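Subject: Handing over a structure, with notes on what was found

Dear colleague,

I am passing this structure on to you, and since you are new to it I have set out below what was found, one region after another. Please keep the model open beside the text as you read.

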2 protein chains.
Amino acid sequence: MPEKTQPKVVSIKSGKGPVTSYDVARHAGVSQSAVSRCFKPGASVSTKMRERVMKAAEELGYEPNAIARSLISGRSNLVAVLISNLTNLYYPEVLAELTQRFSAHGVRVLLFALKSEADVSETLQQIWPYRVDGVIAATELSPEQVGEFEKREVPLVFYNRHLTGSPVSSVCCDQEDGARQLVNGLYRAGHRKFVIFAGPPESVVGVERKTGAIERLEELGVEDPAVFNGDYSYESGYALVGNLMNKKASPPDAVICANDVMAIGALDAFRVNHGLTAPDDISVVGFDGVGPSHWKSYNLTTIRQPVRRMTEAAVNMLMEMIEESDSSNEKRVFSGMLQAGGSARFIN
Amino acid sequence: MPEKTQPKVVSIKSGKGPVTSYDVARHAGVSQSAVSRCFKPGASVSTKMRERVMKAAEELGYEPNAIARSLISGRSNLVAVLISNLTNLYYPEVLAELTQRFSAHGVRVLLFALKSEADVSETLQQIWPYRVDGVIAATELSPEQVGEFEKREVPLVFYNRHLTGSPVSSVCCDQEDGARQLVNGLYRAGHRKFVIFAGPPESVVGVERKTGAIERLEELGVEDPAVFNGDYSYESGYALVGNLMNKKASPPDAVICANDVMAIGALDAFRVNHGLTAPDDISVVGFDGVGPSHWKSYNLTTIRQPVRRMTEAAVNMLMEMIEESDSSNEKRVFSGMLQAGGSARFIN
DNA sequence: TTATATATTGCATTCGAATGCAATTTATGG
DNA sequence: CCATAAATTGCATTCGAATGCAATATATAA
């Protein structure tokens, strides 16, 4: 009986599973530590050694195990990003920017998209086990929750949130200032009857935008504008117009909305249900400068948040806190840029 | 000299850094393995032991280190999600659903948001070191790249993509069928002069939508509709209307767009630049059923992708592939739902 | 050329949890 | 009450890379 002519698969490495540094070391005839050092930038390795190891690594298809590396080095190169409602139209842009910027630092993003801000504490429990190097939070955090970060010495940067009176790093758009810019332009253009479509009362950002507007209005002698609370959605902006028009005998001049999407909803409601079009019959302004704010049907006058600069700042701050241990906290506030559209009579 | 009345901070644990299972073991007077077992569901532990350990863990604030666990167990509980352009308006919803569903399985999402599909291979290199348990790809992958997954035995599920003729799992919306539904309704309503605003030629999804429409048109005896290529953006939809109206003496009846956002751009261009409004002067349909498709200014007739069911399927498939090693591949195709709006004369 | 400084390399240990196996305890049966 | 089975527990090792320290090789100075 002839020998079975089995194909004798010559596998360079016998064991299954990914190639380890030991495999590479054996194949190159050097120690495991040498392999490790060849993959560590700035390590003390001779040219000859590097070549040998790299060749062996190449041949075996070696890829360093980031998990093992994290364990021993104490750095996971992971960052958690907390976002409350991704469908908010504003956040996808932020998120895309963040991941790309972190990527340039060799850091990967663990995404946590919360259904509601109520899920935060649960989410934090999911984060801790991964020993992330830092966290970007675009959600509210209670003082206790911030305390957890301090206890664990996990760097934290708030994005468009902050805990007043506590030393936490943050990157924000100047919400109040933006609102004041909007009021100014509307006032100059002759508006005197203002209404505010605010965000939900628990939204810090929303409250600041509202406060900024109200304060500036008071300074200008316009007292007590009507305030309605929405939830940042198109539907709420749309619905609030109904509420508004029911109450008031005479419609307002100008509606200041907590964000672009509500402004868009309001514009549609005014036009569809009341035959009022902007900017002739009514002025509506938003906040954020999201993509659809440019759409011709709306062409919003709004405050554009400098997302690129803000994300850059957030990433840099977090990376600095990760790399230097003597992290002093810092708050960076960026001014929004007025984006003049056609949804309001407005004089800049 | 009186003793310094220093507060004698009694720290339960002296060493810095997170509490380990050894700390808990020592504090509870048991072995480290016992601690480990207490945190593993289904392990053999007596009630008494569990109580002691849990109490100690509680007191010390112990949190299992997921990194260390991954290293020894060979499961990272990490899944990578690849998305090409997050600003596409369709993907944020998908992404939010995916993270929440994975979360329910105790799996975290590593997000990779590509600037362009060209960055895929670079991104893959960033993924491998993390030994993710699986990958959801909402991007094109070359056969070689898919081969890399097989070589590494990393489960892969395509989302709205597939490699024709290769055995890779995928979850898709039936693009061709959707396009045919749109053609049917438009045809029934009397349209005969069709134009297609397709996606970029390299987009498989876009090509399928286009093909579906063209094929159905041919079956109905409408030959060679004009096809223009866009890039899924509002601007491209808007601009293509310009191209179209320059060429043709008489405008078309109906425009079939590769996605909602292009349809929205087209609607705006028709109205603003040519005084044509839907559905009286022109019919425009989209694809996806994104949030803004419901906005009153557009009120799109479109095909809504069943995102919830699709993401559920994708997550279940991937989890199954991760948990059973005998992964047989499967392709699941979901039909889109017609969303009848007011942007087209349409008879369903 | 020899002595000293510098650069490379390997050895052995470490990170923190999981797990096979053996030792021990507890439960069950006769 | 003793023997055997079953359930717990601990011991020792493992996952894969990084790193302090000692050993060796190379470069520089005298």
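**Two helices of chain B**

The helices α5(B) and α12(B) are oblique to each other, because an angle that is neither under 35 degrees, nor over 145, nor 65 to 115 counts as oblique, and theirs is about 45 degrees, with the axes 9 Å apart. Before going further I should say that this is a predicted model, and that everything below should be read with that in mind. The crossing in which α5(B) passes α12(B) is right-handed. On the side of α5(B), the contact is made by E93(B), V94(B), E97(B), L98(B), R101(B) and F102(B), while α12(B) brings V307(B), R308(B), T311(B), E312(B) and V315(B). Sorted by class, the residues of this contact are five nonpolar, one polar and five charged.

**The sheet that runs through both chains**

The helix α12(B) also leads to the sheet, since this helix, residues 307–323 of chain B, lies across β1, β3, β4, β5 and β11 of chain B and runs at about 175 degrees to β5(B). The sheet itself is open and has 12 strands, in the order β11(A)-β5(A)-β4(A)-β3(A)-β1(A)-β2(A)-β2(B)-β1(B)-β3(B)-β4(B)-β5(B)-β11(B), with mixed pairing. At its edges stand β11 (331–334) of chain A and β11 (331–334) of chain B, each of which has a single partner strand, so one side of each is left without a neighbour in the sheet. From one strand to the next the twist averages 20 degrees. In chain A, helix α12 (residues 307–323) packs on the sheet and touches β1, β3, β4, β5 and β11 of that chain, its direction making about 175 degrees with that of β5(A).

Within the chain A part, β4 (residues 156–159) and β5 (residues 169–173) run parallel and are joined by three bridges, and V157(A) stands opposite S169(A). The loop between these two strands of chain A holds N160(A), which has a positive phi of about 60 degrees although it is not a glycine. Most residues other than glycine have a negative phi.

**Where the chains meet**

The strands β2(A) and β2(B) run antiparallel and are joined by three bridges, with V109(A) opposite L111(B). Taking the two chains as wholes, 39 residues of chain A are in contact with 39 residues of chain B. On the chain A side, α4 (66–73), α5 (91–104), β2 (108–113) and α11 (260–274) each supply at least two residues, and by class that side has 22 nonpolar, nine polar and eight charged residues.

**Around the DNA**

Which residues come nearest to DNA strand C? Of the 29 residues around DNA strand C, they are S33(A), A34(A), M49(A), S21(B) and S33(B). For this surface, α4(B) gives the most, with five residues, and the classes are 12 nonpolar, 13 polar and four charged.

DNA strand D is surrounded by 30 residues, the closest being S21(A), S33(A), S33(B), A34(B) and M49(B). Here the largest share, five residues, comes from α4(A), and the residues of the surface divide into 13 nonpolar, 13 polar and four charged. Both chains take part, since α1, α2 and α4 of chain A and α2, α3 and α4 of chain B each supply at least two residues of the surface near DNA strand D.

**A second sheet in chain A**

Chain A also has an open sheet of four strands in the order β7-β6-β8-β9, with parallel pairing. Its edges are β7 (226–229) and β9 (283–285), each with a single partner strand, so one side of each is left without a neighbour in the sheet. Between β6 (residues 194–198) and β7 of chain A there are four bridges, and I196(A) stands opposite V227(A). Helix α9 (residues 204–219) of chain A packs on this sheet, touching β6, β7 and β8, with its direction at about 165 degrees to that of β6(A).

**Two cis peptide bonds**

Finally, a cis peptide bond with omega of about 0 degrees joins A278(A) and P279(A), and in chain B another joins A278(B) and P279(B), also with omega of about 0 degrees. P279(A) is placed in the loop between α11 and β9 of chain A, and P279(B) in the loop between α11 and β9 of chain B.

With best wishes

Key:
Residues are numbered from 1 along each chain as its sequence is written. Chains are lettered from A and ligands numbered from 1 in the order in which they are written. This is a predicted model: local features need pLDDT of at least 70, side-chain atom pairs count only at pLDDT 80 or more; totals for chains, interfaces and linings use all residues. Two strands pair if DSSP finds at least two bridges between them. Axes are lines fitted to C-alpha atoms, for helices over the stretch in contact, and angles run from 0 to 180 degrees between N-to-C directions. Two residues are in contact if their C-beta atoms, placed from the backbone, lie within 7 Å. Ala, Val, Leu, Ile, Met, Phe, Trp, Tyr, Cys and Pro count as nonpolar, Asp, Glu, Lys and Arg as charged, and the others, Gly among them, as polar. A residue is near a molecule or strand if its C-beta atom, placed from the backbone, lies within 6 Å of it. A crossing is left-handed if the near helix is turned anticlockwise from the far one by less than a right angle, and right-handed if clockwise.
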